[in-house]
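Biologist: I would like to go through this model with you, one short question at a time. Shall we look at it together?

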Amino acid sequence: MRFRTRLMLVLLTVVIVSQLATGLAFLRATQNDVIAKGSQRLEVGANVLAQLLDARGEQLANNVAILADDFGFKSAVSTQDTETLYSVLANHGDRAKADIVLLSGLDGHILASSHHAQNSPMPFPQLFERARQEGEAVSVVIAEGQPYEFALLPVRAPNLIGWVGMGFLINEAVTEEINTLTGLDISVVNFLDNREITYLASTHDKQLAQQLMNGRGSELSEGEYTLHSQMTPDAEYLSYASQLYSDAANHTYALLQLSRNELLGAYRSLQWQLLGIIALILLFTVLIAMWSARSMSKPLMELAQAAQRIGRGERFTELPNGTEHSETGLLASTLLAMQEGIAQREATLHHQSRHDLLTDLANRVSAQEDISLLIKRGEPFTLMRLAINNFRDINDTFGYALGDHMLVTLAKRLQHLDADSTAYRLDGDELLLLVKQSRTDFAWRTRLFTTLHQPIDLDKSPITPSLSAGETNYPDHGDGPQLLLRRADIALDMARRHRQPHQRYLEGQDEHHLRQLTLIRDLQDAVSNGELWMAYQPKVDTRSGHVNQCEALMRWRHPSLGFVPPDEFIGLAERSGSIRMLSQWMLSNVCAQLHAWQQRGYHLSVAVNLSASDVMDRQLPTYLSSLLERYRLTPARLSIEVTESAVMQDVDAAMATLTELNKLGLRIAIDDYGTGYSSLAQIKRLPVNELKIDKSFVLAIDSQKDDLTIVSSTIDMGHSLGLRLVAEGVENRASAELLSKLGCDYLQGYWIAKPMPADELPAWLDNFTSLSLPHPMSSILKTLQRKP
């Protein structure tokens, strides 16, 4: 819809709505005023009715008083002359024009009545009770379904000897009199408890009162107004209900009604005049709206077309603006300013969408675009993916603000490296350098790392950053941005894992990476699929020559990749967060196996290996305690082996967990001792029972004197600390005898037995012959330790 049309419609709508609202408000006010005046007339009519009934009641009470004072009547009451009583009541009732007369005894039973049987109870108990309390009573009553104005007075001679009463029927003569006095229609209706409506008297059509009151029953309240509109459109009535009588069975109302057409007749001409005025105003408004819309829409349409062209990217130096200080001129100036603002914001957003907010380096999107462009041109280049080593520790130690400062500093150094390279920030601590060379040489890399490894002042503490780099070359290592970046990431991962500053991508590393991803994925289902199993390798006690201990070793037979070495999948489990699941399965499986062996009479002790994550798990002692209780095992049946590197990651956390395990009664052993970074002071702090000498020192102990010296010193040191020593990697008898002479407590290796499934171990134990090994001899030890 065009602007001109919309503007005209808006103006017309405003005028129409305002005129209609004004007219409706005027008509509503008029109607309310008429209804209010009608209500006042109804209230006046109700008052007239009340006054008329009061006047008739007073007149009736006077007539009853005359009868009550009549001597002959008193004599007849005293002698209870029934015929005389009926005659007197009839004569006086006729003279008073009463429609009903009665005489009752002191007990309320009828002595004589024009409408009730002799000796029947008083038909108006409420009125009778009121008369007894107040001395007399005048009120409306219901007799045989008809309303009467009734007066009840005492008969005294001189004492009270009875009650006499008279009443006149409230009929159409009464309603006609009210209609004559007020001009209002009046109906008298009675509601019974069964919801039946009895029509009693009316000055107009009985059907009106019946339709108006139908369904209201005794819910109608005195003084309630009702606008009846269920009849023909010209026969609406405003009604007022005045209650005449109410008891448990009857509810009698006088319904006064006033025709709405009669009330509103004087205002019909005013309505037509108002409609004519509104029509003239609308016609005038249409003409004004058409002229205004035409004069206002032309410059606005021109500006709208200009705004559309600005949206398509066109630029304007000036716009049609009419008067310089007019609204359209202001709009034109605003559009020109908006044009400049849009251009600036587009440039800013384009820059932000392709640059890192912290370092202002180009981001991954820009890197992919630049790589794609170079590939399209066929130009050789090198991607050097860089990562800051131990960046998380730097953030934890110095704070994120100083970590960000390090990133910004390194970004600036990369930006000023040389003209043939472009730096990017990929995410986190990873940066990318695109070098327009087919590959980098040692001299270039030396210059790169020399530049990057310059100390950075972090909170007045100079920190020398350490970075690792993964390199890929185009076209040697791929023909797409995603492939080159992924292979650069693989090379970077290899460099960080082997603690090298640089690693170029090698063919086959992709397959290794995919194999790792496959193992990490399938490791989640290895337990439920029954692919994991435990092997057990015996340990020999050098003093007795018997086997009473084993080491539990986890094995994985992958359905498609076959046997997966523990060194491979355990590390992947730690990196992917699956190690806790594997450890819990291993501990549960080992405890169940110990219980099974115990039932068969094999009382063995089994050592299980825990990872660094297990040692940091404060819930591990609780879990192990529940397993021991479930399988009814003593703590001596289970021992724990942890590596030096696992303990050294967080000595305090590890010591807390190991202390809890030691309190349970479990033995703790340090595995692969001598290959980590632990010190004697740290070992002394831990609740350790055993040291396990790494097999790299044991394999050639019978031929390498340096290894012999290390093992001998370790055994002496361990014994001096009260620890037992276990040597793994025993491959021949010569090594076993030499270790026994050195005082090693337990031996483990292929010479004794290879790791075997749980179901094969009992048979092996049954066939095993105790080893006879020499006891420790200090003189032999000193001879062996002496160097030429």
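Biologist: Is Glu-379 buried, partly exposed or exposed?
Modeller: Keep in mind that this is a predicted model. Buried needs a relative accessible area under 20%, and exposed needs one over 50%. The value for Glu-379 is 28%. That value lies in between, so Glu-379 counts as partly exposed.

Biologist: Which residue does Glu-379 meet in a salt bridge?
Modeller: The N to O distance in this pair is 3.9 Å. The cut-off is 4 Å, so the pair qualifies. The partner counts as exposed, at 52% relative accessibility. The side chain that meets Glu-379 is that of Arg-377.

Biologist: How many salt bridges does the whole structure hold?
Modeller: The pair of Glu-379 and Arg-377 is a salt bridge. A search of the whole structure gives a total of 21.

Biologist: How many residues apart are Asp-427 and Arg-364?
Modeller: Asp-427 and Arg-364 form a salt bridge, with their closest N and O atoms 3.1 Å apart. Asp-427 sits in strand β12 (residues 421-427), while Arg-364 sits in helix α10 (residues 364-377). The pair therefore links distant parts of the chain. Their separation in sequence is 63 residues.

Biologist: What is the relative accessible area of Arg-364?
Modeller: Its salt-bridge partner is Asp-427. Asp-427 is partly exposed at 39% relative accessibility. Arg-364 is partly exposed as well, and its relative accessible area is 27%.

Biologist: Which strands does the pair of Lys-692 and Glu-728 tie together?
Modeller: Lys-692 and Glu-728 meet in a salt bridge at 3.9 Å, N to O. These residues are 36 apart in sequence, and each lies in a strand. For Lys-692 the strand covers residues 690-693, and for Glu-728 it covers residues 724-728. So the pair ties together β24 and β25.

Biologist: Is Lys-692 buried or exposed?
Modeller: Its partner Glu-728 has a relative accessible area of 11%, so Glu-728 is buried. Lys-692 has a value of 1%. The limit is 20%, so Lys-692 counts as buried.

Biologist: Which residues are linked with Lys-692 and Glu-728 in a network of salt bridges?
Modeller: Lys-692 and Glu-728 form one salt bridge. The network also takes in Lys-539, Glu-551 and Glu-641.

Biologist: Which residue in β21 stands opposite Glu-551?
Modeller: Strand β19 (residues 547-558) pairs with β21 in the parallel sense, over three bridges. Strand β21 (residues 605-610) is mostly covered, with five of its six residues buried. Opposite Glu-551 stands Ala-607.

Biologist: What is the bridge partner of Leu-610 in β22?
Modeller: Strand β22 (residues 638-643) pairs with β21 in the parallel sense. Five bridges join these strands. The partner of Leu-610 is Val-642.

Biologist: Which strands stand at the edges of the five-strand open sheet?
Modeller: The order is β2-β1-β5-β4-β3, and the pairing is antiparallel. An edge strand has a single partner, so one of its sides is left without a neighbour in the sheet. That holds for β2 (110-113) and β3.

Biologist: What is the average twist from one strand to the next in that sheet?
Modeller: The sheet is open and antiparallel. Within it, strand β1 (residues 100-104) and β2 pair over three bridges. Leu-102 has Ser-113 in β2 as its bridge partner. From one strand to the next, the twist averages 25°.

Biologist: Which element gives the largest share of the lining of the second largest pocket?
Modeller: This pocket holds about 270 Å³ of space. Its lining has 16 residues, and among those nearest the centre are Ala-50, Leu-53 and Asp-54. Elements giving two or more residues are α1 (3-69), β3 (137-143) and β9 (237-246). The largest share, eight residues, comes from α1.

Biologist: How many residues of that lining are nonpolar?
Modeller: Five of the lining residues are polar and four are charged. The nonpolar ones number seven.

Biologist: What is the volume of the largest cavity?
Modeller: The structure holds three cavities of 30 Å³ or more. The residues lining the largest cavity include Arg-580, Asp-614 and Tyr-623. Helix α17 (579-600) is one of the elements that give two or more residues to the lining. The volume of this cavity is about 60 Å³.

Terms used. Residues are numbered from 1 along each chain as its sequence is written. This is a predicted model: local features need pLDDT of at least 70, side-chain atom pairs count only at pLDDT 80 or more; totals for chains, interfaces and linings use all residues. Side-chain values use heavy atoms; hydrogens and water are left out. Helices (H or I, at least four residues) and strands (E, at least two) are DSSP runs, numbered from the N terminus. Buried means under 20% relative accessible area, exposed over 50%, partly exposed in between (1.4 Å probe, protein chains only). On a 1 Å grid over the protein atoms alone, a cavity is a set of points where a 1.4 Å probe fits but cannot get out, and a pocket is an open set with protein on both sides within 12 Å along at least five of seven lines; lining residues have an atom within 4 Å of a point. Grid points are joined across faces, edges and corners, and a volume is the space filled by probe spheres set on the points. Ala, Val, Leu, Ile, Met, Phe, Trp, Tyr, Cys and Pro count as nonpolar, Asp, Glu, Lys and Arg as charged, and the others, Gly among them, as polar. Two strands pair if DSSP finds at least two bridges between them. Axes are lines fitted to C-alpha atoms, for helices over the stretch in contact, and angles run from 0 to 180 degrees between N-to-C directions.
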